Amino acid sequence: MRKLLVILSVLLSTQINAQTTDTTIVLDDVVISATRSEISLEDSPVPTEVIGKKEIEKLNLITMEDLLQAKGIQVAPMKSGGFQLRGLSSEYVLVMIDGVPIAGRESGALDLSNINLSNVERVEIVKGSMSSLWGNHAIGGVVNIITQKGGEPSLQLNTQYGTNNTSLVGLNGGFTKGKFSNLSKVSFQNSDGFDADPNTYGQTVLPNSLVNISNTSRYSDGVNTFSLGATYFKKDSKGETVTETNTAGQLIETTEENTSDNLILDLNYKRVFGKYVSEIKLSNSSFSNSNKASFEFFGQDVERLDESTQNIFQPEMINSYNWNEKNQTTLGFGMRDYTYDTERYGGERELGSSFGYLQHYLNLGKLNIVAGGRFDKYNEFGSNFSPKVSAKYDIGKFSFNASVGSGFRVPDFRTMYLTLGGYTQGFYVLGSELIEDEINFYQANNQIAFLTYDISDINSLSSETSVSYDFGVSYKLNQRSKIGLNIFQTNTTDLIESVFVGSFINQTALFGYTNINDATFTGVEFEALYQKGGLRIDSSYQYLETEALKADGTEFFLGERPKHLTNLSASYTTSKKYSFVLNGTHKSEYFFRDIDGGGTQDENEFIPQHTLLNGIVTKQFGKYTIGVGSNNLLNFTNSEFLKFQNGRTVFGKLTYKF
């Protein structure tokens with residue numbers, strides 16, 4: 001961390017005589033995720049962070065996983081792509097592309113390394129409960145990936161090559177003819193993967209390839225707008241690794257093959273009737289996954305095949321009425337049909353819901369108020385109403401904002417129906433709808449050594465609910481720089497967590513799910529943006545306290561949540577179009593998880609404090625831009641807990657704009 005601060009202090013003391021267009025961040029960017037309608041970032045009373053295309057390119061952010069890690073949001077690089085926002089894990093954050101929920105949550109999280117950012121206009125991260133607009137999965141906030149919609153004719157080639165034989169080739173192109181515009185993207189990524197633990201057979205991350213293809217077509221005559229977006233990404237991996245599959249929990253040498261496909265279709269029709277705007281949005285997000293593992297078990301060749309499909313179909317109508325320049329009402333309604341088909345969940349499962357929401361935005365000059373709520377009705381879990389009120393008050397260069405809102409999340413297919421592992425495989429994970437019958441069966445056959453939970457605590461799940469509070473103050477240094485402080489708290493009830501349930505007599509561990517009685521996430525965020533000439537310094541700090549209690553009043557220790565999280569990013573562009581970028585994230589020591597099921601925080605269950613530091617230098621030559629860089633400059637690794645954190649890597653890149 002000291003090295004990072006020294007470098008930043010040197011940059012801050014540099015005399016600047018540079019062009020500013022490449023690094024400038026305008027404070028009045030327009031956002032839509034916070035209110036479901038276009039609003040200036042400066043006017044929005046809801047805490048929102050916008051990462052624009054310029055910043056994505058400057059930091060060399062290739063995938064959404066890169067972006068979350070660069071912003072300090074991703075805490076523990078995991079195979080499942082898990083992350084957390086204000087202490088709430090990714091199960092509580094709704095991730096979308098152009099407002100369409102992405103199917104493909106495995107183990108509760110999306111693998112965001114699949115999503116290439118080359119055609120992304122900006123990423124909006126809205127913090128705090130957003131169930132009042134977006135419904136399920138939005139207790140912790142929303143991440144909305146906004147793609148480019150066309151404009152000036154363009155064609156750009158991107159190439160990159162680096163450590164582990166990692167390569168990227170991408171081509172973006174767009175054109176406009178009259179009232180019609182089209183934007184297309186295709187990218188190919190390949191990597192030999194890497195091995196975080198050379199003492200273990202095979203590789204931690206297998207050799208893999210990734211294809212991203214997208215196209216957005218748009219027609220607009222000023223009154224009517226039609227658009228059709230299609231996004232497809234496919235990931236393949238194959239190689240030698242290990243798996244825990246025997247009764248003693250030992251590692252078995254395995255050949256593994258994985259394939260996953262995502263297809264997102266988004267059809268929109270928008271019409272303007274004077275002050276009234278109506279939009280019909282029809283979307284479908286599908287995901288398929290195939291995992292094949294081959295290994296030898298007690299002298300026998302074994303092949304396991306796990307296949308699954310997911311689909312989210314959502315028709316929706318969004319209506320906005322602009323009463324005047326200071327009043328806007330938004331009304332929306334629709335339905336969501338979510339299906340999941342896999343043997344692990346006992347075949348096809350379905351979760352259907354209908355919803356409606358109403359919101360009003362009131363601008364009183366110095367005071368902006370957003371108030372509204374959403375009603376969701378589920379076939380299996382009944383109905384839920386989620387209200388929220390947010391306000392922002394400006395006093396000169398100072399502004400104050402406050403929000404209070406409720407959220408919810410219904411139990412998902414995994415927590416209800418999962419069957420993973422088995423009695424003879426070292427571990428056994430069961431959903432709440434299945435675990436009672438399994439325990440009764442094995443108890444009748446005298447195979448259960450002990451249980452740590454009563455069956456009544458693990459055989460049914462309630463919907464999670466929350467109330468979030470947010471208060472902040474910010475000071476605008478100038479039109480390009482500001483500082484801010486936010487205090488937040490989220491109180492959750494019936495938080496769903498995976499727990500160690502007991503053990504079989506052959507030492508196979510049994511895991512299940514239960515509702516934690518209460519959990520509280522409290523913290524302080526400090527953010528600062530400084531821009532002068534060609535220099536930009538972007539920093540943030542989060543202090544987080546968490547507390548969770550079981551139904552019996554005993555404490556449950558939440559893992560993977562550092563108390564101190566600091567992010568510093570610096571970029572400097574010279575008049576000769578050299579660009580120097582440094583980005584660092586520092587995390588204090590934090591509890592990983594209760595590995596032995598003892599209900600305590602043991603010393604060997606903590607991840608040490610560490611800093612992840614990335615840097616890149618680029619130079620523009622007319623239509624060409626070349627660059628060299630390195631990720632994880634300090635070479636931090638942790639093979640015990642953070643197995644998917646790669647060591648130091650280097651790369652070179654070339655971009656050509658036709």
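This report walks through salt bridges, surface patches, a helix and a few single residues of a predicted model.

## Salt bridges across the chain

A good place to begin is with charged side chains. Side chains of opposite charge can pair when their charged atoms come close. In this predicted structure there are 24 salt bridges.

One of them joins Glu-316 to Arg-36, with 2.7 Å between the closest N and O atoms. Glu-316 sits in strand S17 (residues 300-324), while Arg-36 belongs to the loop between strand S1 (30-31) and strand S2 (39-40), so this pair ties together parts that are 280 residues apart in sequence. If you look for the two partners in the model, expect to find both Glu-316 and Arg-36 buried.

Strand S17 also holds Asp-306, whose partner Arg-344 is in the loop between S18 and strand S19 (347-363), 38 residues apart in sequence. Asp-306 and Arg-344 form a salt bridge in which the closest N and O atoms are 2.7 Å apart. Arg-344 counts as buried because its relative accessibility is 15%, and buried means under 20%.

## A network of charged residues

Another salt bridge brings together the side chains of Glu-49 and Lys-71, at 3.7 Å from N to O. The two come from distant parts of the chain, 22 residues apart: Glu-49 is in strand S3 (residues 48-52), and Lys-71 is in the loop between helix H3 (64-70) and strand S4 (84-85). Glu-49 has a relative accessibility of 19% and therefore counts as buried. Lys-71 counts as buried too, at 9%.

Glu-49 and Lys-71 also take part in a network of salt bridges. Its other members are Glu-55, Arg-86, Lys-127, Asp-470, Glu-525, Glu-527, Arg-536 and Asp-538.

## Two patches on the surface

Now turn to the surface, where a patch of negative charge gathers Glu-307, Asp-341, Glu-343, Glu-348, Glu-350 and Glu-380. Asp-341 is part of strand S18 (residues 327-342). With 34% relative accessibility, Asp-341 is partly exposed.

A second patch has a nonpolar character. Tyr-393, Ile-395, Phe-398, Phe-400, Phe-471 and Ile-487 make up this surface patch, and together they have about 550 Å² of accessible area. At least two residues of the nonpolar patch come from strand S21 (382-395), and at least two from strand S22 (398-409). Tyr-393 is found in S21, and its relative accessible area of 38% makes it partly exposed.

## The two sides of helix H6

Helix H6 covers residues 435-444, and its buried residues include Ile-435, Ile-439 and Tyr-442. These three span an arc of only 70 degrees around the axis, so they lie on the same side of H6. Asp-437 and Ala-444, by contrast, are exposed on the other side of the helix.

## Two asparagines with positive phi

Following helix H6 towards strand S25 (448-451), you meet Asn-446 in the loop between them. Although Asn-446 is not a glycine, it has a positive phi of about 55 degrees. Asn-446 is exposed, with a relative accessible area of 62%.

Asn-632 likewise is not a glycine and has a positive phi of about 55 degrees. Its place is the loop between strand S35 (624-631) and strand S36 (649-657). Is Asn-632 buried or exposed? Its relative accessibility is 3%, so Asn-632 counts as buried.

## Distances along the chain and in space

Two pairs of residues help to show how sequence separation and spatial separation can be read side by side. Arg-218 and Gly-229 are 11 residues apart in sequence, and their C-alpha atoms are 8.6 Å apart in space. Arg-218 is located in strand S13 (residues 208-220) and is partly exposed, at 34% relative accessibility.

For the other pair, Lys-292 and Asn-319 are 27 residues apart along the chain, with 46 Å between their C-alpha atoms. Lys-292 belongs to strand S16 (residues 276-297). Its relative accessible area is 24%, so Lys-292 is partly exposed.

Conventions. Residues are numbered from 1 along each chain as its sequence is written. This is a predicted model: local features need pLDDT of at least 70, side-chain atom pairs count only at pLDDT 80 or more; totals for chains, interfaces and linings use all residues. Side-chain values use heavy atoms; hydrogens and water are left out. Patches are made of residues with over 30% relative accessible area and no salt bridge: like charges are joined within 9 Å, nonpolar side chains (Val, Leu, Ile, Met, Phe, Trp, Tyr) within 5 Å. Accessible areas come from the Shrake-Rupley method with a 1.4 Å probe; for residues, only the protein chains shown count as cover. A salt bridge is a side-chain nitrogen of Lys or Arg within 4 Å of a carboxyl oxygen of Asp or Glu. Lys and Arg count as positive and Asp and Glu as negative; His and the chain ends are not counted. The place of a charge is taken as NZ of Lys, CZ of Arg, CG of Asp or CD of Glu. Helices (H or I, at least four residues) and strands (E, at least two) are DSSP runs, numbered from the N terminus. Buried means under 20% relative accessible area, exposed over 50%, partly exposed in between (1.4 Å probe, protein chains only). The arc is that of the directions from the helix axis to the C-beta atoms.
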